[in-house]
Amino acid sequence: MNMMERAGPIVLPLALLILWELACKAFDIPPFVLPSPSMVMVALYNNAFVIWFHSSQTLYTTVVGFAVAVAFGAFLGILVGSSRLAYTSLYPMLVGFNSVPKVAIVPILVVWFGIGTVPAIVTAFMLSFFPIAVNVATGLATIEPDLRDVLRSLGASQLDIVRKIGIPRSMPYLFASLKISITLAFVGSVISETLASNRGIGTLMTQASANFNIPLVFAGLVVIALMGIVMYMMFAFVEKRMTGWATRGATFGIGG
Amino acid sequence: MKNLVELIDVSLSYGKTLAVSNLNMKVPEGSFAAVVGPSGCGKSSLMKLVTGLMLATTGAVVVDGHEISGPVSIVGMAFQNPNLLPWRTTLENVMLPLEVVRPERHQLRAKKKEFTERAMDLLRIVGLESFANHYPWQLSGGMQQRASLCRSLIHQPRLLMLDEPFGALDAFTREELWDVLQTIWLERRFTAILVTHDLREALYLADDVHVMSNRPGCVARTVNTGAFSRPRGEQTFIDPAFNENVMELRADIRAQRMPIEMAATGAPTTPAGAAR
């Protein structure tokens, strides 16, 4: 990586922030329409404790929902990718389910589980398991037929083929999907918190905007974005360590 | 000598399409057979039939004295694409069949040293011993194909099935690998069936070359190459008899192709000319 590539991820956001700050000053935009970055920073600092209180809840529900999504999505992906029967019978239903707007399900979840933690976890889960399942299934379904024949002719069972080839082969697909899914999990828990919770970044932002405290709303957005970036980078790092064989030669990962 | 593989009046159809029909072939134990033919003549179907991956629609496929009813585990396979697993080193790739085939899969831990030794022996024969711990992407195409060959032989199969294994290689590498294959075969004397488009390759490596007819495929002619002594080498290529055989095989295959070309390009004009 050369200097420009190293500096890029820092320089570009900084430049945008400066532009934003200058625009707010130059056009004298009122803070309840668009607060300047400096005001958002101040809001972040002044409300640090409140923001921590809410964001820790969001992080908690997101991570739990996401963890369940990884386990369930990987299981479903292996099932759908290795069995034709499972594929034909499950896939249409999965697509249908994924097309349902999850916002519409949150009220039902509230009826079932009450407001707060559980609906947030469930929403995070519902939003994030689908890409995982689809990606893992793709990794399994695209095993080279010749290689399958080599193993089958040796008396390998379908389970052997999945274990020896399918699962290792689908790892790069799994990690690509984790990077997409973790960000979706944040969307899920924030949606649920916005609609029905006493705690969480979503709740904080709803309350702040009701009070016309727009800088605090933006502070919430910044915190969610930061948490998303950190989680994304964690998976990108693990991915690089575990499936380097799939992206060798490239100095950048294949982004999700 | 007894036949390890025998196909008796075999036909195979995919739905309505008949891929092979009336196929008869005998491969004596320890011999090297090659199968050549026009493209689409059912050579790959033959591979699947002999390995038991597909069952004959009619007729019988007899392997090692038994009519087969499923995958036969005495077989090793290699294809045009080496299909090495990118997350495994060369050595680990070569040892993959041992993790699957019975009884070796249950002896992995107990006989690890012996198995590794066996794999290294094979790698030594093909000249890859110093690449045992390299990953597939660090190997050239020819080296990958050598590794694939080792993988197909690691479980000491009595029957080796090769489906155009050298088809994607450049001419120099290909001829180099012919000799590698010949060396292993002369040393181990397993039975081998090679499916190929390359007539020189077929004549150079095999004891019997079977020419297949157009679809639905059957054996149109069998050429014995006993006249060329082993080990074959440079002197075989310049033997006039060898080149004559190549020309004859070419004529055979062209004769098999004829009907398609007549139907496709010749048909509209010929009747008009005949009428006049």
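# Chains A and B: asking how we know

Visitor: Why does Asn22(B) count as partly exposed?

Guide: Count the C-beta neighbours: Asn22(B) has 15 inside 10 Å. Buried would take 20 or more, and exposed would take 12 or fewer. With 15, Asn22(B) falls between the two cut-offs, so it goes down as partly exposed. Keep in mind that this is a predicted model, so what we're reading is a prediction.

Visitor: Where is Asn22(B) found, and what stands out in its backbone?

Guide: Look in strand β2 of chain B, residues 17-28. Asn22(B) isn't a glycine, yet its phi is positive, at about 55°.

Visitor: And Asp64(B), why is it partly exposed?

Guide: Run the count again: Asp64(B) has 16 other C-beta atoms within 10 Å. That is under the 20 needed for buried and over the 12 allowed for exposed, so Asp64(B) is partly exposed. Asp64(B) also has a positive phi of about 55° without being a glycine, and you'll find it in the loop between β4 (58-63) and β5 (66-67) of chain B.

Visitor: Which peptide bond at Pro103(B) is cis, and how do you know?

Guide: The one joining Arg102(B) to Pro103(B), going by an omega of about 0°. Pro103(B) sits in the loop between α2 (90-94) and α3 (112-125) of chain B. There's also a cis bond from Arg230(B) to Pro231(B), with omega near -5°. Pro231(B) belongs to the loop between β10 (219-224) and α7 (234-238) of chain B.

Visitor: Zooming out, what makes chain B as compact as a globular protein of its length?

Guide: For secondary structure, chain B has nine helices and ten strands. Its radius of gyration is 20 Å, and the globule rule gives 19 Å for 276 residues; the two are close, so chain B is as compact as a globular protein of that length. The C-alpha trace spans about 80 × 45 × 40 Å along its principal axes. Buried residues are 41% of the 276. Of the contacts with a separation of 6 or more, 72% link residues 24 or more positions apart.

Visitor: Over to chain A. How do you know the length of helix α4 agrees with what it should be?

Guide: Helix α4 of chain A (residues 84-99) has 16 residues, and at 1.5 Å a residue it should span 22 Å; the end C-alpha atoms are 23 Å apart, so the two agree. There is a bend in α4(A), though, of about 40° at Leu90(A), with the proline Pro92(A) following within four residues.

Visitor: What makes α4(A) hardly covered?

Guide: The count of buried residues among its 16 is zero.

Visitor: Which element of chain A gives the most to the side touching chain B?

Guide: The contact takes 18 residues from chain A and 21 from chain B. On the chain A side, α7 (145-153) and α8 (158-195) are the elements giving two or more residues, and α7(A) gives the most, with seven. By type, that side of chain A has nine nonpolar, two polar and seven charged residues.

Visitor: How confident is the predictor in chain A?

Guide: The mean pLDDT of chain A is 88, and 96% of its residues reach 70 or more. Confidence is highest in α3(A) (residues 48-82), at 93, and lowest in α7(A), at a mean of 86. Over residues 249-256 of chain A, pLDDT is below 50, and this stretch has eleven contacts in the model beyond near neighbours in sequence. Where pLDDT is low, the predicted coordinates shouldn't be read in detail.

How values were computed:
Residues numbered from 1 in each chain as written. Chains lettered and ligands numbered in written order. Predicted model: local features only at pLDDT ≥ 70, side-chain atom pairs only at ≥ 80, totals over all residues. Expected span 1.5 Å × (residues − 1). Bend = angle between axes of the 7 residues up to and from the residue. Contact = placed C-beta atoms within 7 Å. Nonpolar A, V, L, I, M, F, W, Y, C, P; charged D, E, K, R; others polar. Rg over C-alpha atoms; globule rule 2.2 N^0.38 Å. pLDDT = per-residue confidence, 0-100.
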